[in-house]
Amino acid sequence: MATSNATFVTALTAAALGTVGFLGYQAAGAVPTRTSAGSDPAAVAAKVPRHQQDPAALPPGSGAGERVVYSLDDDRVWLVRSGDEVIRTFEVIPGTIDPAPGVYAVTSRSNSVTGTDGTPIEHVVRFTSVNGVAIGFSAAVRQTPPTTTTPVPTGGIRESRRDGDAMWDFATIGARVAVIH
């Protein structure tokens with residue numbers, strides 16, 4: 001029985017890795033991908049034009065298919081279903097470290113932890129790291145005014161608890177995250 005369970009887990013892991021690889025391959029053609037270390041990501045990912053009358057509208061050129069779109073310039077997130085159907089958009093408060101523009105996949109999630117700044121957070125959805133600092137979306141458990149200065153580098157992109165609930169439900173392991181300017 002233990003061998004059967006181990007075989008099942010191995011097969012499940014292989015299928016998950018294959019799916020993530022396939023999604024990454026598909027995403028590579030949809031949105032500029034991350035560049036190699038030492039090159040300028042801005043040279044690959046030009047600023048995406050915004051809709052003049054509706055700044056909350058999904059930016060054109062932000063990818064295709066189901067995805068999370070995160071705008072570094074607008075501090076805004078869009079949760080997008082297939083067919084570019086925006087199911088939710090909201091403003092966020094970025095950490096002190098930004099990810100490079102490109103396409104990522106959700107790599108880990110935590111229901112409840114303490115952020116690097118000491119704040120209790122929930123519904124953490126991580127998609128990359130920069131110099132050893134995890135980058136992801138999260139919501140503070142207690143709504144406190146955000147501090148703009150912290151001596152610790154942070155990669156937490158803070159959302160309201162309501163928006164954090166929506167992100168948690170939408171962005172499961174392997175979900176695409178398109179980071180744009």
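A residue is counted here as buried under 20% relative accessible area, as exposed over 50%, and as partly exposed in between. By that rule glutamate 85, with a relative accessible area of 42%, is partly exposed. The structure that this report describes is a predicted model.

## Overall make-up

The protein chain has 3 helices and 9 strands, and from the N terminus on its elements follow the order α-α-β-β-β-β-β-β-β-β-α-β. Of its 181 residues, 39% are buried, while the accessible surface amounts to about 9,900 Å², with 56% of that area belonging to carbon and sulfur atoms. Among contacts with a separation of 6 or more, 53% join residues that are 24 or more positions apart.

## The sheet of five strands

Five strands form an open sheet in the order β3-β2-β1-β9-β4, and the pairing within this sheet is mixed. Strands β3 and β4 (102-105) stand at its edges with a single partner strand each, so that one side of each is left without a neighbour in the sheet. Neighbouring strands of this sheet are turned by 20 degrees against each other on average, when direction is ignored.

Within this sheet, strand β1 (residues 67-71) and β2 pair in the antiparallel sense over 5 bridges, and valine 69 stands opposite tryptophan 78 in β2. Helix α3 lies across β1, β2 and β3, and runs at about 140 degrees to β3.

## The sheet of four strands

A further open sheet holds 4 strands in the order β5-β6-β7-β8, again with mixed pairing. Its edge strands are β5 and β8 (156-159), each of which pairs on one side only, and the twist from one strand to the next averages 30 degrees.

Both senses of pairing can be followed in this sheet. Strand β5 (residues 108-114) and strand β6 (residues 120-130) pair in the antiparallel sense over 6 bridges, and serine 108 has arginine 126 in β6 as its bridge partner. These two strands form a hairpin with 5 residues between them, and in the turn glycine 118 has a positive phi of about 90 degrees. Strand β7 (residues 133-140) and β8, by contrast, pair in the parallel sense over 4 bridges, with glycine 156 in β8 as the bridge partner of glycine 136. Helix α3 packs on this sheet as well, touching β5, β6, β7 and β8, and its direction makes about 55 degrees with that of β6. Helix α3 therefore touches strands of the sheet β5-β6-β7-β8 and also lies across β1, β2 and β3 of the sheet with five strands, if contact is taken as heavy atoms within 4.5 Å.

## Salt bridges

Side chains of opposite charge can pair when their charged atoms come close. With a cut-off of 4 Å between a side-chain nitrogen of Lys or Arg and a carboxyl oxygen of Asp or Glu, the count comes to 6 salt bridges. The table gives three of these pairs, with the N to O distance of each.

| Acidic residue | Basic residue | N to O distance |
|---|---|---|
| Glutamate 91 | Arginine 76 | 3.7 Å |
| Glutamate 85 | Arginine 81 | 3.8 Å |
| Aspartate 163 | Arginine 88 | 2.9 Å |

The side chains of aspartate 163 and arginine 88 meet at 2.9 Å, and this pair links distant parts of the chain, since aspartate 163 lies in helix α3 (residues 161-170) and arginine 88 in strand β3, 75 residues apart. Aspartate 163 is buried, with a relative accessible area of 11%, whereas arginine 88 is partly exposed at 23%.

In the salt bridge of glutamate 91 with arginine 76, the closest N and O atoms are 3.7 Å apart. Glutamate 91 belongs to strand β3 (residues 85-91) and arginine 76 to strand β2 (residues 76-81), so the pair ties together parts that are 15 residues apart in sequence. Glutamate 91 counts as exposed because its relative accessibility is 57%, while arginine 76 counts as buried at 13%.

The salt bridge between arginine 81 and glutamate 85 spans 3.8 Å from N to O. Arginine 81 counts as partly exposed at 39% relative accessibility, and glutamate 85 is likewise partly exposed, at 42%.

Methods. Residues numbered from 1 in each chain as written. Predicted model: local features only at pLDDT ≥ 70, side-chain atom pairs only at ≥ 80, totals over all residues. Heavy atoms only, no water. Pairing = 2+ DSSP bridges. Buried < 20%, exposed > 50% of the residue type's maximum accessible area, 1.4 Å probe, protein only. Axes fitted to C-alpha atoms, helices over the stretch in contact; angles between N-to-C directions. Areas by Shrake-Rupley, 256 points an atom, 1.4 Å probe, with all protein chains shown as cover.
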